[in-house]
Amino acid sequence: MAQNVREGTIQKAILDNLMYRGILCWREARIPTPIRRGRKIVAFRRADPHTIGIPDVFCVIKGKLIGIEVKTAKGKQSDEQIAWQEKLEKAGGTYILARSWEDVEEVIKDF
């Protein structure tokens, strides 16, 4: 795998490959909520604290929820991401730490 591949590029490859295979998938983007006074945005409220660490991509295969955390070759999971992994696996889901499409493909081939 190339060393300088950006996380967004890996994420796009994963989503494109999942969609190509007809797998229900989506990108989970946590964004701050704007605080408005009239039409003007005066500040941003942090995103929901319950979703801190949520995987970048989700998909469902044969009724099984799969969370995919995308990282570059040198990227590391945060403590919050590790906690989400534990919660998802405890609930019966599958969690993939993916540095390439091949990492995802290796896990989903069993479905």
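This report walks through the overall make-up of the protein, then its helices, then two residues around the end of β4.

**The basics**

The model is predicted, so a few ground rules apply: local features need pLDDT of at least 70, side-chain atom pairs count only at pLDDT 80 or more, and totals for chains, interfaces and linings use all residues. Residues are numbered from 1 along each chain as its sequence is written, and side-chain values use heavy atoms, with hydrogens and water left out.

**Overall picture**

You are looking at three helices and six strands, where helices (H or I, at least four residues) and strands (E, at least two) are DSSP runs numbered from the N terminus. Going along the sequence, they come in the pattern α-β-β-β-β-β-α-β-α. The C-alpha trace spans about 50 × 35 × 30 Å along its principal axes.

Of the 111 residues, 32% count as buried; buried means under 20% relative accessible area, exposed over 50%, and partly exposed in between (1.4 Å probe, protein chains only). The accessible surface comes to about 7,500 Å², with 52% of it belonging to carbon and sulfur atoms. Areas come from the Shrake-Rupley method with a 1.4 Å probe, and for residues only the protein chains shown count as cover.

Now for contacts, meaning heavy atoms within 4.5 Å. Among those with a separation of 6 or more, 60% are between residues 24 or more positions apart.

**The helices, side by side**

Here are the buried residues of each helix and what they pack against.

| Helix | Buried residues | Packed against or covered by |
|---|---|---|
| α1 (7-20) | Ile10, Gln11, Ile14, Leu15, Leu18 | including β1 (24-27), β4, β5, β6 and α3 |
| α2 (79-90) | Gln81, Trp84, Gln85, Leu88 | β5 (64-70) and β6 (94-98) |
| α3 (101-108) | Trp101, Val104, Ile108 | including α1, β4, β5 and β6 |

Take α1 to start. Its 14 residues should span 20 Å at 1.5 Å a residue, and its end C-alpha atoms are indeed 20 Å apart; the expected span is 1.5 Å times one less than the number of residues. The buried residues of α1 are Ile10, Gln11, Ile14, Leu15 and Leu18. They cover an arc of only 130° around the axis, which puts them on the same side of α1. That arc is taken from the directions from the helix axis to the C-beta atoms. Lys12 and Tyr20 are exposed on the other side of α1. Right behind the helix comes Gly22, with a positive phi near 75°.

Helix α2 has twelve residues and reaches 17 Å from first C-alpha to last, close to the 16 Å expected. Its buried set is Gln81, Trp84, Gln85 and Leu88. These sit on the same side of α2, because they cover an arc of only 105° around the axis. The face turned away from them carries the exposed Asp79, Glu86 and Lys90. Just after α2, Gly92 has a positive phi of about 100°.

In α3, the buried residues are Trp101, Val104 and Ile108. They fall within an arc of 65° seen down the axis, so they line one face of the helix.

**Around the end of β4**

Ile61 is found in strand β4 and counts as buried, at 10% relative accessibility. Leaving out residues up to four places away in sequence, Ile61 touches Ile23, Ile66, Ile108 and Phe111. Phe111 is 50 residues away along the chain, yet its C-alpha is separated from that of Ile61 by 6.8 Å.

Lys62 lies in the loop between β4 (57-61) and β5. Lys62 is exposed, at 76% relative accessibility. Its phi is near 50°, a positive value in a residue other than glycine.
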